[in-house]
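Here is a quick walk through one chain, from its overall build down to a few side chains. Have the viewer open as you read.

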Amino acid sequence: MLRIDKAEAEQPFNIRSGEAKDVTVVLDAGVLAITAPGAKDIKVFAAKKDIQGQRKEFGYGFDGAHQTTLPAGDYVVVTDRRDGSPVKETPATVKPGERTELNVE
């Protein structure tokens with residue numbers, strides 16, 4: 001199994017005694033880098049809700065920045081501000097092999 005932050009992939013393989021083998025694993029992931037000046041915390045959730053109406057959480061950061069590796073797909077970034085303004089939800093899409101930079105004002 002290969003795991004980087006919140007992205008993971010498995011690649012089955014066979015090997016014989018005394019044999020060396022290179023194994024290629026496709027992670028199908030990208031990096032989401034978030035800046036949110038004035039935020040006290042940043043949370044990343046799956047965009048789609050499950051059957052109970054809940055979103056899977058994919059991590060969080062404190063202060064105004066957070067960076068993580070995620071499976072390719074759609075997400076919602078939730079920021080809570082220090083000044084007491086309403087919680088903000090911002091959509092984000094992560095593409096495989098790419099860095100997505102999101103600035104939440």
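What follows covers the fold, one strand and its partners, the salt bridges and a patch on the surface.

## The overall build

First things first: this is a predicted model. The chain has nine strands and zero helices, so reading along the sequence simply gives β-β-β-β-β-β-β-β-β. With a radius of gyration of 17 Å, the chain is well over the 13 Å that the globule rule gives for 105 residues, so it is more spread out than a compact globule. Along the principal axes, the C-alpha atoms fill a box of roughly 60 × 30 × 20 Å.

How much of the chain counts as buried? The figure is 32% of the 105 residues. The accessible surface comes to about 7,200 Å², and carbon and sulfur atoms make up 48% of that. As for contacts, take those between residues at least 6 apart in sequence: 55% of them join residues at least 24 apart.

## Strand E3 and its partners

Strand E3 spans residues 29-35 and is mostly covered, with five of its seven residues buried. It pairs with strand E6 (residues 65-71) in the antiparallel sense, over seven bridges. To find that pairing on screen, look for isoleucine 34, whose bridge partner in E6 is histidine 66.

E3 also pairs with strand E9 (residues 99-103), and here the two run parallel, joined by five bridges. A handy marker for this pairing is threonine 35, which stands opposite asparagine 103 in E9.

## Salt bridges

The count comes to five salt bridges, and three of them are worth a look here. Glutamate 8 pairs with arginine 3, and their closest N and O atoms are 3.0 Å apart. Arginine 3 has a relative accessible area of 54%, which makes it exposed, while glutamate 8, at 45%, counts as partly exposed.

Next up is aspartate 80 with lysine 40, where the closest N and O atoms are 3.7 Å apart. This pair links distant parts of the chain: aspartate 80 sits in strand E7 (residues 73-81) and lysine 40 in strand E4 (residues 39-46), 40 residues apart. Lysine 40 is partly exposed, at 40% relative accessibility. Then there is arginine 55 with glutamate 89, at 3.3 Å between the closest N and O atoms. Arginine 55 lies in the loop between E4 and strand E5 (57-62) and glutamate 89 in strand E8 (residues 88-94), so this salt bridge ties together parts that are 34 residues apart in sequence. The relative accessible area of arginine 55 is 26%, so it is partly exposed.

## The loop between E2 and E3

Glutamine 11 is found in the loop between strand E2 (7-9) and E3, and is partly exposed at 39% relative accessible area. What does glutamine 11 touch, leaving out residues up to four places away in sequence? The answer is Val23, Thr24 and Val25. With valine 25, the C-alpha to C-alpha distance is 5.8 Å, although the two are 14 residues apart in sequence.

Phenylalanine 13 has its place in the loop between E2 and E3 too, and it is partly exposed, with a relative accessible area of 48%. Together with Ile15 and Val23, Phe13 forms a nonpolar patch on the surface, and the three have about 270 Å² of accessible area together.

Notes: Residues are numbered from 1 along each chain as its sequence is written. This is a predicted model: local features need pLDDT of at least 70, side-chain atom pairs count only at pLDDT 80 or more; totals for chains, interfaces and linings use all residues. Side-chain values use heavy atoms; hydrogens and water are left out. A salt bridge is a side-chain nitrogen of Lys or Arg within 4 Å of a carboxyl oxygen of Asp or Glu. Buried means under 20% relative accessible area, exposed over 50%, partly exposed in between (1.4 Å probe, protein chains only). Helices (H or I, at least four residues) and strands (E, at least two) are DSSP runs, numbered from the N terminus. Two strands pair if DSSP finds at least two bridges between them. Contact means heavy atoms within 4.5 Å. Patches are made of residues with over 30% relative accessible area and no salt bridge: like charges are joined within 9 Å, nonpolar side chains (Val, Leu, Ile, Met, Phe, Trp, Tyr) within 5 Å. Accessible areas come from the Shrake-Rupley method with a 1.4 Å probe; for residues, only the protein chains shown count as cover. The radius of gyration is taken over C-alpha atoms; the globule rule is 2.2 Å times the number of residues to the power 0.38.
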